[in-house]
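Let's take a stroll through a protein model, starting from a single residue and working outwards. Have a look at the picture below before reading on.

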Amino acid sequence: MFCLKAMRHGRALLRVSIDNHPQKSDYMLISVGAYVHPQNPVLHQGSSINFSVVGSDDQASGHWHSVNESVIVLHTQSGQAEAVGEGSTQVSFESSNVKLRTTVTVLPGSTLVVDAPKEMLTNVPFPSQGFSFSVKFSDTNDDINTVGSSKGAPYDCRVDPPFVGYAKPWIDLDTGNSFCLFFPYSPEHLVRTIPKLKDMKPYIYVSINASMKEHSHVSGSASALFVGGFSIMQMGKVID
């Protein structure tokens with residue numbers, strides 16, 4: 001167990017080693033201060049994502065911008081983005097106090113389309129059945145259950161940011177429809193695992209990502225607003 005203290009804005013590469021042995025080391029890149037979430041995403045044409053700013057209270061007064069709108073189209077106020085063309089571009093956020101950016105890559109070809117549920121995502125009360133994000137192919141009539149692995153769901157699901165909860169694949173055997181089930185961690189779990197700082201916000205955007213096990217380049221994601229009890233560490237304070 002070790003603790004880190006954020007001294008100023010920037011990035012640092014942390015190395016953890018056993019007996020200072022380079023071959024028994026692991027590395028982690030740590031960012032301090034505000035940043036665009038998610039960082040450097042890879043999308044497929046036709047998918048959507050919601051960008052947000054972590055570590056700053058100025059998001060309401062700032063605006064979003066896409067350098068190349070033939071690749072990414074952005075809503076200037078909300079950060080909701082749609083991948084409309086193949087290529088790479090930068091997405092930026094500017095306010096009176098911060099200027100942030102990240103690179104977005106859009107890939108062509110077959111994709112998985114992930115759709116968020118209509119109901120609000122929350123862990124209060126705790127959803128014992130999880131939240132269902134539908135998963136399907138964007139450009140074929142193939143059923144996902146007939147493609148890929150012969151045992152179990154042929155795709156994986158993951159949550160970003162991962163501290164909010166976990167996701168697992170599920171196929172409705174009666175209808176053949178495929179889903180990623182999102183299970184947020186309970187407020188009690190988050191209180192124990194995430195450090196408590198000063199400020200509180202009752203929401204965060206969560207992305208659910210699905211990718212084929214045998215063809216990991218075939219993937220898709222959807223973002224949704226999560227409202228509940230949780231904490232996010234940033235420089236000098238915590239958002240809840």
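S207 is buried, with a relative accessible area of 5%. Here buried means under 20% relative accessible area, exposed means over 50%, and partly exposed is in between (1.4 Å probe, protein chains only). A quick note on the source: this is a predicted model, where local features need pLDDT of at least 70, side-chain atom pairs count only at pLDDT 80 or more, and totals for chains, interfaces and linings use all residues. Residues are numbered from 1 along each chain as its sequence is written, and side-chain values use heavy atoms, with hydrogens and water left out.

So where does S207 sit? You'll find S207 in strand β18; strands (E, at least two residues) and helices (H or I, at least four) are DSSP runs, numbered from the N terminus. P161 is 46 residues away along the chain, yet its C-alpha atom is 7.3 Å from that of S207. Leaving out residues up to four places away in sequence, S207 touches I49, R158, V159, D160, A222 and S223, where contact means heavy atoms within 4.5 Å.

Strand β18 turns up again in the largest nonpolar core, giving five residues, the largest share. A nonpolar core is a set of buried Ala, Val, Leu, Ile, Met, Phe, Trp, Tyr and Cys residues joined through side-chain atoms within 4.5 Å. This one has 25 residues, and F133, Y155, C180, F182 and V206 touch the most other members. Apart from it lies another core, of 18 residues, including V36 and L100.

| Core | Residues | Some members |
|---|---|---|
| Largest nonpolar core | 25 residues | F133, Y155, C180 |
| Another core | 18 residues | V36, I49, V71 |

Now for some empty space. The second largest pocket holds about 260 Å³. On a 1 Å grid over the protein atoms alone, a pocket is an open set of points where a 1.4 Å probe fits, with protein on both sides within 12 Å along at least five of seven lines, and lining residues have an atom within 4 Å of a point. The volume is the space filled by probe spheres set on the points, which are joined across faces, edges and corners. Among the 18 lining residues, V42, R158, N209, S219 and S221 are the closest to the pocket's centre. β4 (42-44), β15 (155-160), β18 (203-212) and β19 (219-227) each give two or more residues to this lining.

Zooming out, the protein has one helix and 21 strands, and 41% of its 240 residues count as buried.
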